[in-house]
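Here are my notes on the model, set out as numbered points that move from a single residue to the chain as a whole. Please read them with the structure open.

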Amino acid sequence: MHLLAAATAAPTPSGTDAQLIIAALAGIVVIVGLITWLKVHPFLALLLGAVGVGIGAGLAPGDAVTSFGTGFGSTMTSVGILIGLGAMFGKLLSDSGGADRIVDTLISRSSQKALPWVMALIGALIGLPMFFEVGLVLLIPVIVLVARRSGLPLMRIAIPALAGLSAMHALVPPHPGPLLAVSTVGADLGLTLGLGVLVAVPTVIVAGPLFSTLAARWAPVPVPDLFVSKEEDGGEGSVRKRPSFANALVGILLPVVLMLARSIREAALPAATGAWVDLLEFLGTPMVALTVAVLYAMVFYARAGGMDKAAVSKTLGSSLPDVAGILLIVGAGGGFKQVLIDTGIGTVIGDAVSESGVSVLLVAWVVAALVRVATGSATVATVTAAGIMAPLAADMSTPEASLLVLAIGAGSVFLSHVNDAGFWLIKEYLGTTVGQNFRTWSLMECVLSLTALAGVMLASVFI
């Protein structure tokens, strides 16, 4: 999905290459400073930074605002709908008990040795359809209860689950960051999803079960005294009938299968025609695939579990306020990207990268990682890096563009620290000190980011 089309002709910048570079760097510094030092909301910071970049690069003030608005609107058209649908599906999965069913089934069938690996799988499955914050809130009770019942060190349970959740958030659509990056650089969503899962699997293994053995030694934290009486009966207190494990799993994987099937058909049988091709193209369209998943969840999760029409409507409605801020940030990221394109800054940076001989994938990772460390936001890191790297994607093949998205996603989760709300949330839930949280959660994010980068670079050798 491309965001390069505009309702009006792009304004013509008048700045020199040096002026454009200075404007871009100043804009990024302003965005980072507003978010980090002044605690301005990322949406407002991106808006101010984008307009400032446009004016600094030689655009008329009115043209800079128009450019930002064009990018914001295009992004919300292509990405905003998907984010809304993803939020609805995640809320239905949670409220119907489908997430609990997946967790309980996997845990009940696992040995103690296998539990860290199972927790990584649970984190990935929960993270696939849900936003990071929602998935984290769902996972924390599971982590605490499993650690208490199994007798394993807390970090042997927590780190694998958090690694699975974080990897899905960074690498696999339909999360907002990967979605926007796909849209910004014009990558194929289905192919990016498939490659993202391929890179995520070894990444989760290294950053999750393997690293957790070290994390448990470095932070021998007792299991927090939380959720002692709640859910100890495995959720039997629920008045609703939870979906079966197979049913819950089908709903999660349904949009993934539909989008992948479309991409596989396009790669394997590009000249095929017929009704089945048209149907596959339709169902594999991201918006349609996610809509199908939401409708499936409404019928087979909610209604089949005893939720009446009012309850279903309430669940769907309550899912949207939680993502309102994310929608604005993602839209502002699209606006920032459009300003970079209209001023020509992106082309100048792209030419400089191309002439330097440094791998574009490595540069994309570095840019995203720097913004992530500075702002504490994976989403801001993704949208900023995607906007800067977008012009380079024009000359890339479809697989290369997908790998560019994954390199950006890998960099966007590097080194969570004190300016990241997730850092403090995990610290308080798990009862660690600041030092212990750095040695476990923060270091895990670094391992995850670097392992994902290694996977992307390795994949680029064969693609």
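1. In this predicted model, Thr451 counts as buried, because its relative accessibility is 18% and the cut-off for buried is under 20% relative accessible area. The residue lies in helix 20, which covers residues 434-462.

2. Leaving aside residues up to four places away in sequence, Thr451 touches Pro202, Thr203 and Val206. Of these partners, Val206 deserves a second look, since Val206 is also listed among the residues of a nonpolar surface patch.

3. That patch has an area of about 470 Å² and is made by Trp117, Val197, Val201, Ile205, Val206 and Leu210. Helix 9, which spans residues 189-218, gives the most to the nonpolar patch, with five residues.

4. Is Leu210, a member of this patch, buried or exposed, or does it fall in between? Leu210, which has its place in helix 9, has a relative accessible area of 45% and is therefore partly exposed, as that class lies between the limits of 20% for buried and 50% for exposed.

5. For the chain as a whole, the secondary structure comes to 20 helices and zero strands, and 55% of the 463 residues count as buried. Among the contacts with a separation of 6 or more, 82% are accounted for by residues 24 or more positions apart.

6. The accessible surface of the chain comes to about 18,200 Å², and carbon and sulfur atoms hold 69% of that surface.

How values were computed
Residues are numbered from 1 along each chain as its sequence is written. This is a predicted model: local features need pLDDT of at least 70, side-chain atom pairs count only at pLDDT 80 or more; totals for chains, interfaces and linings use all residues. Side-chain values use heavy atoms; hydrogens and water are left out. Patches are made of residues with over 30% relative accessible area and no salt bridge: like charges are joined within 9 Å, nonpolar side chains (Val, Leu, Ile, Met, Phe, Trp, Tyr) within 5 Å. Accessible areas come from the Shrake-Rupley method with a 1.4 Å probe; for residues, only the protein chains shown count as cover. A salt bridge is a side-chain nitrogen of Lys or Arg within 4 Å of a carboxyl oxygen of Asp or Glu. Helices (H or I, at least four residues) and strands (E, at least two) are DSSP runs, numbered from the N terminus. Buried means under 20% relative accessible area, exposed over 50%, partly exposed in between (1.4 Å probe, protein chains only). Contact means heavy atoms within 4.5 Å.
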